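Let's take a walk through this model, from its nonpolar packing out to its charged pairs. Keep the viewer open as you read.

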Amino acid sequence: MKFVMFKKSLEEGVSPIYLFDGEEEYFKERGEDMLKERYLSEPSLNYTSFNGENLKGSEMISLVRGAESFPFLSEKRLVKAVDFYPTEKEYESYLKSYFENPQESTILLIMNSRAPKGKVMDLKKIKTVTHVDCSKADDETVMRWIFTQFKRAGISVDAECCERIARYCLSDMSRVAGETEKLKAYALQGGVITAQVVDDVVYRDTDYKMYELTGAIARKNYTAYLSVMNELISKGVDEMNILNGVCNYFRTLFEIVAMGRSDADTANLLGQKEYFVKKQRQQAMMMSKQRVKDCYLNVFNAINDVKNGKISQTGALLCVNAAIFFGA
């Protein structure tokens, strides 16, 4: 199930084993908090956490023993394993018995973030395991979540403002949640959130500014590019950092178009989040493959010229800007 369905599912009962996986840490943290709030009267006495990387072979017995323990002064006991990827052999030897007959008074919570290395047991296929998809939410879901939070707080907001918040936070739910809480405190109940309020209150960090900068390149909007570039420089970001950011941007775009694979496969190979690969692919489609390659090589060569003392950082950035936008 998608995470948005998780809360509703708890109304029908709790699963003995959950697998939360995906790159969105906010969903996993919120899911764990919901289970603790609902089922653990004494969290300090009924909560145990394991690092999955330390659970190899017979060491998995400690996880099973923890899950088989009974709760103390609480309805449930919660046992968590982070980044837990047992092999099929390990599952058969140490886990199968418990997974087929789990302790009813224990919630075993497995939280995985990265793609597994090598062949591992597919825990999603086990009948007693409830899989909760914590992958990056699409923009529409994020905007709907933002709108709902303001509505519940009695604050008026329109779709444009919700979109701005999501965009400024790159749809990262941890940042979205924090900035939404900040805006709720700013507006108070009965207040109104406007686009100007969002612009004034929501924090847009350097990562977002680099995203804006490279987005302007994809749209061939030199005015917007120049505006963001000057703002970065005015805030202490030097020309070399901008060159490196633009170079990394074009290198990633070139790798994405050269691979010709799905967003998920490409994300795994590049070590990036699937959401960002999707967004970068959209930008790459606005340019030709040859243009992406030419721009990457141009910036790469300019950086080397700076390192070799052939040109200043300022001169290199000016040359790169001219090449990217005017083909010079």
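What follows covers the cores, one helix in detail, two buried side chains and some salt bridges.

A quick note on conventions: this is a predicted model, where local features need pLDDT of at least 70, side-chain atom pairs count only at pLDDT 80 or more, and totals for chains, interfaces and linings use all residues. Residues are numbered from 1 along each chain as its sequence is written, and side-chain values use heavy atoms, with hydrogens and water left out.

**The cores**

A nonpolar core here is a set of buried Ala, Val, Leu, Ile, Met, Phe, Trp, Tyr and Cys residues joined through side-chain atoms within 4.5 Å. Buried means under 20% relative accessible area, exposed means over 50%, and partly exposed is in between (1.4 Å probe, protein chains only). Helices (H or I, at least four residues) and strands (E, at least two) are DSSP runs, numbered from the N terminus.

The largest nonpolar core holds 41 residues, and F6, Y18, F20, L35 and I193 have the most contacts inside it. Among the elements that give it two or more residues are α1 (6-10), β1 (17-21), α2 (25-39) and β4 (106-112), along with α5 (139-152) and α6 (159-168). Take Y18: leaving aside residues up to four places away in sequence, Y18 touches F6, L10, G13, L35, I107, L108, L109, I110, T130 and V132, where contact means heavy atoms within 4.5 Å. Apart from this core lies another one, of 32 residues, with A216, A218, V246 and F250 among them.

**Helix α10**

Does the length of α10 (residues 222-234) agree or disagree with what its residue count predicts? The expected span is 1.5 Å times one less than the number of residues, so the 13 residues of α10 should cover 18 Å, and the end C-alpha atoms are indeed 18 Å apart. The buried residues of this helix are Y225, V228, M229 and L232. Looking down the axis of α10, its buried residues fall within an arc of 100°, so they line one face of the helix; the arc is that of the directions from the helix axis to the C-beta atoms. On the face turned away from the buried side sit the exposed residues T223 and S234.

What do the buried residues of α10 pack against? Their partners are α9 (206-218), α11 (239-259) and α15 (313-326). At the N-terminal end, N221 acts as a cap, with a side-chain oxygen 3.3 Å from the backbone nitrogen of T223. After the helix comes G236, whose phi is positive, near 100°.

**Two buried side chains**

F99 is found in helix α4 (residues 88-100) and is buried, at a relative accessible area of 1%. Not counting residues up to four places away in sequence, F99 touches I17, Y91, L108, I110, L123, I126, T128 and V129. One of these partners, I126, is 27 residues from F99 in sequence, yet the two C-alpha atoms are 7.8 Å apart in space.

R164, in helix α6, is also buried, with a relative accessible area of 17%. With the sequence neighbours up to four places away left out, R164 touches A195, V198 and D199.

**Salt bridges**

Searching the whole structure turns up 16 salt bridges, each a side-chain nitrogen of Lys or Arg within 4 Å of a carboxyl oxygen of Asp or Glu. Here are some of them, with the distance between the closest N and O atoms.

| Pair | Closest N and O atoms |
|---|---|
| E25 and K28 | 2.9 Å |
| K96 and E92 | 3.5 Å |
| K96 and E100 | 4.0 Å |

E25 and K28 both lie in helix α2, 3 residues apart, which is about one turn of the helix. E25 is partly exposed at 33% relative accessibility, whereas K28 is buried at 1%.

Over in α4, K96 and E92 are 4 residues apart, about one helical turn. K96 and E100 are likewise both in α4, 4 residues apart, about one turn of the helix. As for accessibility, K96 is partly exposed at 29% and E92 is partly exposed at 47%, while E100 counts as exposed at 54%. Elsewhere, salt bridges with shared partners join E32, K36 and K80 into one network.

Notes: A polar contact is a pair of N or O atoms within 3.5 Å; within protein, one must be able to donate a hydrogen and the other to accept it, and residues adjacent in sequence count only if both atoms are side-chain atoms.
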